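This report introduces a structure to a reader who has not met it before. The sequence and the model are shown first, and the description follows.

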Amino acid sequence: MKLLKVYDILLSTSGPQNWWPMDGGFSPKEWEVCIGAILTQNTSWNNVKKALDNLKKENIVSLEKTLGTNEKKIAELIRPSGYYNQKAKKLKGFAEFVKTFGNVNNFLKNIERDQLLKVNGIGPETADSILLYAAGKASFVIDAYTKRIFSRMGMTGKEIGYEELRKFFEQNLPRDSRIYNEYHALIVDLGKKVCKPKPLCEKCPLGRKCKKII
DNA sequence: GGCCAGGACACCA
DNA sequence: TGGTGTCATGGC
């Protein structure tokens with residue numbers, strides 16, 4: 001089964017997911033996408049929405065406002081997204097990094113993946129989410145569902161790493177950010193419906209607490 | 001009451 | 001280099 005075929009099947013059965021905007025232009029919305037990418041780390045999007053709503057109520061949805069608001073205040077507002085102290089620190093650090101580009105527009109135009117990965121709190125998935133959904137660059141986002149689903153389909157190995165899996169997708173799909181955008185969203189949608197984690201070994205004494213799950 | 005969610009990082013052997 | 005602990009809320 002080809003990756004593009006899987007994409008076509010998912011798109012035809014689930015329909016477009018309408019995740020983050022892909023209008024190509026840079027707007028204040030793009031900063032919200034960056035914030036969302038950090039807030040959603042190991043967190044359901046429903047909780048992220050609550051945190052984003054709190055930030056919007058306080059009108060803290062721009063780079064300038066994020067820079068001008070103290071960390072404690074941000075932590076209070078993003079509390080529903082969990083890990084709020086860590087995430088507040090990450091948001092402030094990320095904002096300081098973006099500031100070195102002058103503005104969000106310039107950051108999104110010029111940012112490179114390797115630079116992003118050096119920022120504290122920005123790991124591979126968050127970096128790719130920002131590159132793809134905020135900057136519109138063709139960087140495929142891998143998450144736990146991607147790993148589980150495609151290894152269970154027998155298309156990849158169970159122990160495949162993030163970078164290897166990302167290259168697998170990027171080398172077997174047209175280099176089109178619109179496809180990457182929709183594909184990742186479709187994978188997450190499918191994962192939520194049918195792909196819960198389970199122990200690798202049914203006899204594992206740790207049961208569902210076993211980390212070796214795929 | 002436990003599991004899970006659109007992870008990342010520090011620490012240790 | 002790989003394994004483990006920590007961060008934490010809210011829905012089911």
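## The surface near DNA strand B

Helices α9 (124–134) and α12 each contribute at least two residues to the surface near DNA strand B. The model under discussion is predicted. The greatest contribution to this surface is that of α9, with five residues. In total, 27 residues surround DNA strand B, and the closest of them are Q41, N42, G123, E125 and T126. Sorted by class, the surface near DNA strand B holds nine nonpolar, 12 polar and six charged residues.

## The surface near DNA strand C

DNA strand C has 13 residues around it, of which P80, G82, Y83, N85 and Q86 come nearest. At least two residues of the surface near DNA strand C are supplied by each of α3 and α6 (84–99). Helix α6 has the largest share of this surface, namely three residues. The surface near DNA strand C is made up of three nonpolar, eight polar and two charged residues.

## Two domains in chain A

Chain A falls into domain 1, which covers 3–18 + 140–194, and domain 2, which covers 29–134. A distance of 24 Å separates the C-alpha centres of domain 1 and domain 2. Eight residues from domain 1 and six residues from domain 2 take part in the contact between them. On the side of domain 1 that touches domain 2, helix α12 (residues 177–194) gives the most, with three residues. That side of domain 1 comprises five nonpolar residues, two polar and one charged. Helix α12 thus recurs in this account, as it also supplies at least two residues of the surface near DNA strand B.

## How the helices pack

Three helix pairs are set out below with the angle and the separation of their axes.

| Helix pair | Angle | Axes |
|---|---|---|
| α2 (residues 29–39) and α9 | about 155° | 9 Å apart |
| α2 and α3 (residues 45–57) | roughly 135° | within 10 Å |
| α10 (residues 144–152) and α12 | about 75° | 9 Å apart |

Helix α10 is therefore roughly perpendicular to α12. In this pair, Y145, T146, R148 and I149 of α10 meet I187, V188, L190 and G191 of α12. The contact of α10 with α12 has five nonpolar residues, two polar and one charged.

The next pair involves α2 and α9. How are these two helices oriented to each other? The angle between α2 and α9 is about 155°, and they are therefore roughly antiparallel to each other. Their crossing is right-handed. From α2, the residues E30, V33, C34, A37 and I38 make the contact, and from α9 the residues T126, S129, I130, Y133 and A134 do so. The contact of α2 with α9 includes seven nonpolar, two polar and one charged residues. One of the residues of α9 named here, T126, is also listed among the closest to DNA strand B.

Helix α2 also packs against α3. With an angle of roughly 135° between their axes, α2 and α3 are therefore oblique to each other. The crossing in which α2 passes α3 is right-handed. Here E32, I35, G36 and L39 of α2 are in contact with V48, A51 and L52 of α3. By class, five nonpolar, one polar and one charged residues form the contact of α2 with α3.

## Drawing the parts together

Two of these helices link packing with the DNA surfaces. Helix α9 packs with α2 and gives the most to the surface near DNA strand B. Helix α3 crosses α2 and supplies at least two residues of the surface near DNA strand C.

Definitions and conventions:
Residues are numbered from 1 along each chain as its sequence is written. Chains are lettered from A and ligands numbered from 1 in the order in which they are written. This is a predicted model: local features need pLDDT of at least 70, side-chain atom pairs count only at pLDDT 80 or more; totals for chains, interfaces and linings use all residues. Domain bounds come from an automatic or database domain assignment. Two residues are in contact if their C-beta atoms, placed from the backbone, lie within 7 Å. Helices (H or I, at least four residues) and strands (E, at least two) are DSSP runs, numbered from the N terminus. Ala, Val, Leu, Ile, Met, Phe, Trp, Tyr, Cys and Pro count as nonpolar, Asp, Glu, Lys and Arg as charged, and the others, Gly among them, as polar. A residue is near a molecule or strand if its C-beta atom, placed from the backbone, lies within 6 Å of it. Axes are lines fitted to C-alpha atoms, for helices over the stretch in contact, and angles run from 0 to 180 degrees between N-to-C directions. Angles under 35 degrees count as roughly parallel, over 145 as roughly antiparallel, 65 to 115 as roughly perpendicular and the rest as oblique. A crossing is left-handed if the near helix is turned anticlockwise from the far one by less than a right angle, and right-handed if clockwise.
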